[in-house]
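Me: I have a new structure open and I'm not sure how to read it. Could you walk me through it, feature by feature?

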Amino acid sequence: MVNKAAFGVGIIVLLAAVGIGVLIGMQIGGASGSGVVSPGEETPTPTSEPTESPTAMPSTATGTPTPTMTAQYTTVPARSFNEQNITDHVLQYINAERQAAGLDNLSASGATSDQLRRMADSHSEAMAREGRVVHTIDGQSSADRYRNNNLYGRCEMRSDGGGYIESADNNRFEAIGKTVAGQPYTDKGQRRFHGNDTQVAHALVEDWNNSDIYRDRLTLENANRVGIGIQVTNTGNVYATVNVCS
């Protein structure tokens with residue numbers, strides 16, 4: 001009887017142990033389910049961060065290009081320009097250049113200057129008639145005009161530095177030029193316009209100052225007198241002659 005009782009108790013203990021083991025296994029399996037993948041279970045695909053599609057930039061308009069602004073000029077009739085006013089301004093600009101070089105002003109007053117002015121006027125009229133800017137017209141050179149007006153010997157002067165005597169030969173005492181008054185024109189690729197007497201005079205002297213030859217003649221150290229001749233044609237062409245003297 002004792003053996004049977006002991007056997008029965010053993011069976012009960014064994015069953016109790018098995019039951020406790022099963023319970024423990026279920027608890028362990030439930031606790032580790034977040035990191036263990038059971039056979040047959042799909043591996044979850046990680047969700048990537050949402051990627052923004054690049055926003056297309058609005059296309060640049062390709063319509064009619066903006067036109068380049070062109071300066072507008074109002075044509076001024078040739079009769080609106082005054083030759084004497086232009087002459088006066090030319091003298092002012094020439095003397096301004098001489099002052100900048102430390103030289104005395106040229107004088108347009110007196111008997112000699114009056115002779116120079118008449119000679120310069122005559123040559124400007126001849127250039128306007130010919131439509132050319134030249135020193136020699138009808139076979140008469142600049143030196144010939146000085147001689148014909150009894151100014152050749154009178155206007156001789158010492159050279160800058162005093163090394164020799166300067167004379168009217170080789171156009172040495174003369175500057176000539178041309179510009180346009182009152183209407184736009186193109187000169188050396190640049191658009192130019194001179195709408196009044198001052199601008200016309202400035203254009204003439206500026207061109208001379210940009211020439212080594214003419215700038216040298218108008219800034220002769222021992223020149224004291226000047227005659228200026230301006231001729232404005234009906235079409236607005238302006239011819240100019242400057243003659244200097246001691």
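Reply: Let's go from the whole chain down to single residues. Keep in mind that this is a predicted model.

Me: How many helices and strands does the chain have, and what pattern do they follow?

Reply: The chain has 6 helices and 7 strands. Going along the sequence, the order is α-α-α-α-β-β-β-β-β-α-α-β-β.

Me: What share of the contacts comes from residues that sit 24 or more positions apart?

Reply: Take the contacts with a separation of 6 or more: 69% of them are between residues 24 or more positions apart. As for burial, 32% of the 246 residues are buried. The accessible surface is about 15,700 Å², and carbon and sulfur atoms make up 52% of that.

Me: Which residues touch the most other members of the largest nonpolar core?

Reply: The general idea is that nonpolar side chains tend to be buried together in soluble globular proteins. Here the largest nonpolar core holds 43 residues, and Val90 and Trp208 touch the most other members. Elements giving two or more residues to this core include helix H2 (83-100), helix H5 (197-209), helix H6 (212-218), strand E6 (225-232) and strand E7 (237-245). The largest share comes from E7, with 6 residues.

Me: What does Val90 touch, leaving out residues up to four places away in sequence?

Reply: Val90 touches Ala201, Leu204, Val205, Trp208, Ile228 and Ile230.

Me: How do I check the length of a helix such as H2?

Reply: Compare the expected span with the distance between the end C-alpha atoms. H2 has 18 residues, so at 1.5 Å a residue it should span 26 Å, and its end C-alpha atoms are indeed 26 Å apart.

Me: Which residues of H2 are buried, and where do they lie around the axis?

Reply: The buried ones are Ile86, Thr87, Val90, Leu91, Ile94, Asn95 and Arg98. They cover an arc of only 165 degrees around the axis, so they are on the same side of H2. On the other side, Gln92 and Ala100 are exposed. The cover over the buried residues of H2 includes H5, H6, E6 and E7.

Me: What is found at the two ends of H2?

Reply: At the N-terminal end, look for a cap: a side-chain oxygen of Asn82 lies 2.9 Å from the backbone nitrogen of Gln84. After H2 comes Gly102, which has a positive phi, near 80 degrees.

Me: Can we try the same reading on H5?

Reply: Sure. With 13 residues at 1.5 Å each, H5 should span 18 Å, and the 18 Å between its end C-alpha atoms agrees. Its buried residues are Asp197, Val200, Ala201, Ala203, Leu204, Val205, Trp208 and Asn209. What covers them includes H2, E3, strand E5 (190-192), H6, E6 and E7. H5 has an N-terminal cap as well: a side-chain oxygen of Asn196 lies 3.2 Å from the backbone nitrogen of Thr198.

Me: Does Arg172 count as buried or exposed?

Reply: Go by relative accessibility, where under 20% means buried. Arg172 is at 18%, so this arginine counts as buried. You'll find Arg172 in the loop between strand E2 (165-166) and E3.

Me: What does the side chain of Arg172 join up with through a polar contact?

Reply: The partner is the side chain of Asp216, through a polar contact of 2.8 Å. Leaving out residues up to four places away in sequence, Arg172 touches Glu166, Ser167, Asp216, Arg217 and Leu220.

Key
Residues numbered from 1 in each chain as written. Predicted model: local features only at pLDDT ≥ 70, side-chain atom pairs only at ≥ 80, totals over all residues. Heavy atoms only, no water. Helix = DSSP H or I, 4+ residues; strand = E, 2+ residues; numbered from the N terminus. Buried < 20%, exposed > 50% of the residue type's maximum accessible area, 1.4 Å probe, protein only. Contact = heavy atoms within 4.5 Å. Areas by Shrake-Rupley, 256 points an atom, 1.4 Å probe, with all protein chains shown as cover. Core = buried A, V, L, I, M, F, W, Y, C linked by side-chain atoms within 4.5 Å. Expected span 1.5 Å × (residues − 1). Arc of directions from axis to C-beta. Polar contact = N/O pair within 3.5 Å; in protein donor to acceptor, adjacent residues only side chain to side chain.
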